[in-house]
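Please open the model in the viewer and keep the sequence panel visible. The tour proceeds by selections, each followed by a description of what is found there.

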Amino acid sequence: MGKNNLSLTDEYRRPRERMVDEQLVTRNIKDLKVLEAMRTVPRHLFVEDAFLVRAYQDSPLPIGHGQTISQPYIVALMTEALELGPQDRVLEIGLGCGYQTAILAKLAGKVYAIERIAALFEKGRANLMKIGMDNIVLKLGDGRLGWPQEAPFDAILVAAYGISVPERLREQLAPGGRLIMPVGDSQGQQLILYRRDPRGMVTSQVLVGCRFVPLVEGTG
Ligand code: SAH
């Protein structure tokens, strides 16, 4: 199976194109590479069978264990904000079903993704095997600690909220690096984009209000 293992008879191609046109372009996602990745990666292969017909709808969906696959727009927004280049090394916290990981891997050089729930780790891995991308490395563990052996990263995406960016993740961001994370509490969060300038200082920018699942300590 090739890198873009999409059969010619992909019955979800049209819903996927509609998703891009109606949910992303209309909301001002402009990066052509992001739009192309969202047009290409078969989101339906990442959702539970029970939600197959809703794979391309404008909302998050349950993936089991109380977790969710993010709404397509949020995946696109976070990816676009990271301004990925083909050489970039990206750290993702919260592999889940693996969909966001696949989108990142279309745009970056290499993606390192961490998941804390063993069953989801296996599911995410199995889903990513289906599309056969070779620039993804996965780890089961507590993503709040980052991946020190592979640091620093050009970009870090955290797919779960916390009251602030974990110190270890901040430290593992390269000079010039970007980090995106939902910051807040169970009442609501804001998606914040942080940038580390070449002198090591960090600036931040609020993108939108959002709702994520929490970043949880330890593994389980
Ligand atoms: N982006 C994924 C998952 C989003 S849900 C998708 O779209 O499918 C957030 C994920 O973060 C869940 O799978 C949850 O188990 C995971 N998570 C929460 N805290 C974590 C931690 N400390 N380390 C690693 N993963 C964590």
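Select Ser-70 together with the ligand: a polar backbone atom of Ser-70 is 3.3 Å from an oxygen atom of the ligand. The model being viewed is a predicted one. Next, add Cys-97, where a backbone N or O atom lies 3.1 Å from a ligand oxygen atom. Then add Glu-115; here the contact comes from the side chain, with an N or O atom 2.6 Å from an oxygen atom of the ligand. Taken alone, the ligand exposes 570 Å², and the protein buries 99% of that area.

**The shell around the ligand**

Display a surface and turn to the ligand site: the space that the ligand takes is the largest pocket. Two elements each give two or more residues to the surrounding shell, namely strand S2 (67-69) and strand S4 (110-115). Of the elements, S2 gives the most, with three residues.

Now select every residue that surrounds the ligand; the selection should hold 24 residues. Cys-97, Glu-115, Asp-142, Gly-143 and Val-216 are the closest of them. Colouring the shell by residue class divides it into 13 nonpolar, seven polar and four charged residues.

**Asp-142 and its partner**

Keep Asp-142, one of the closest residues to the ligand, and hide the remainder of the shell. Asp-142 lies in the loop between strand S5 (136-140) and S6. Is this residue buried or exposed? Asp-142 counts as buried because its relative accessibility is 13%, and the cut-off for buried is under 20%. Select Gly-218 as well: its backbone nitrogen lies 2.9 Å from a polar atom of the Asp-142 side chain.

**A cis peptide bond in the loop between S5 and S6**

Move to Pro-152, which is found in the loop between S5 and S6. The peptide bond joining Ala-151 and Pro-152 is cis, with omega at about 0 degrees.

**Ala-159 and Met-78**

Continue to Ala-159, in the loop between strand S6 (153-158) and helix H6 (167-171). Ala-159 has a relative accessible area of 19% and is therefore buried, given the cut-off of under 20%. Add Met-78 and draw a distance between the two C-alpha atoms: Ala-159 and Met-78 are 81 residues apart along the chain, and their C-alpha atoms are separated by 9.3 Å.

**Two positive phi angles**

Select Asn-28, in the loop between helix H1 (13-25) and helix H2 (32-40). Phi of Asn-28 is near 80 degrees, a positive value in a residue other than glycine. With 49% relative accessibility, Asn-28 counts as partly exposed.

Then select His-65, in the loop between strand S1 (61-64) and S2. His-65 is not a glycine either, and its phi is positive at about 60 degrees. The relative accessible area of His-65 is 48%, so this residue is partly exposed.

**Helix H4**

For the last stop, select residues 99-107, which form helix H4. How many of the nine residues of this helix are buried? Eight of the nine are, so H4 is largely enclosed by the rest of the structure. To display the buried residues of H4, select Tyr-99, Gln-100, Thr-101, Ala-102, Ile-103, Leu-104, Ala-105 and Leu-107.

Notes
Residues numbered from 1 in each chain as written. Predicted model: local features only at pLDDT ≥ 70, side-chain atom pairs only at ≥ 80, totals over all residues. Heavy atoms only, no water. Near = heavy atom within 4 Å. Polar contact = N/O pair within 3.5 Å; in protein donor to acceptor, adjacent residues only side chain to side chain. Areas by Shrake-Rupley, 256 points an atom, 1.4 Å probe, with all protein chains shown as cover. 1 Å grid on protein atoms, 1.4 Å probe; cavity = no way out; pocket = protein on both sides within 12 Å on 5 of 7 lines; lining within 4 Å. Sits in = over half its atoms within 2 Å of the grid points. Helix = DSSP H or I, 4+ residues; strand = E, 2+ residues; numbered from the N terminus. Nonpolar A, V, L, I, M, F, W, Y, C, P; charged D, E, K, R; others polar. Buried < 20%, exposed > 50% of the residue type's maximum accessible area, 1.4 Å probe, protein only.
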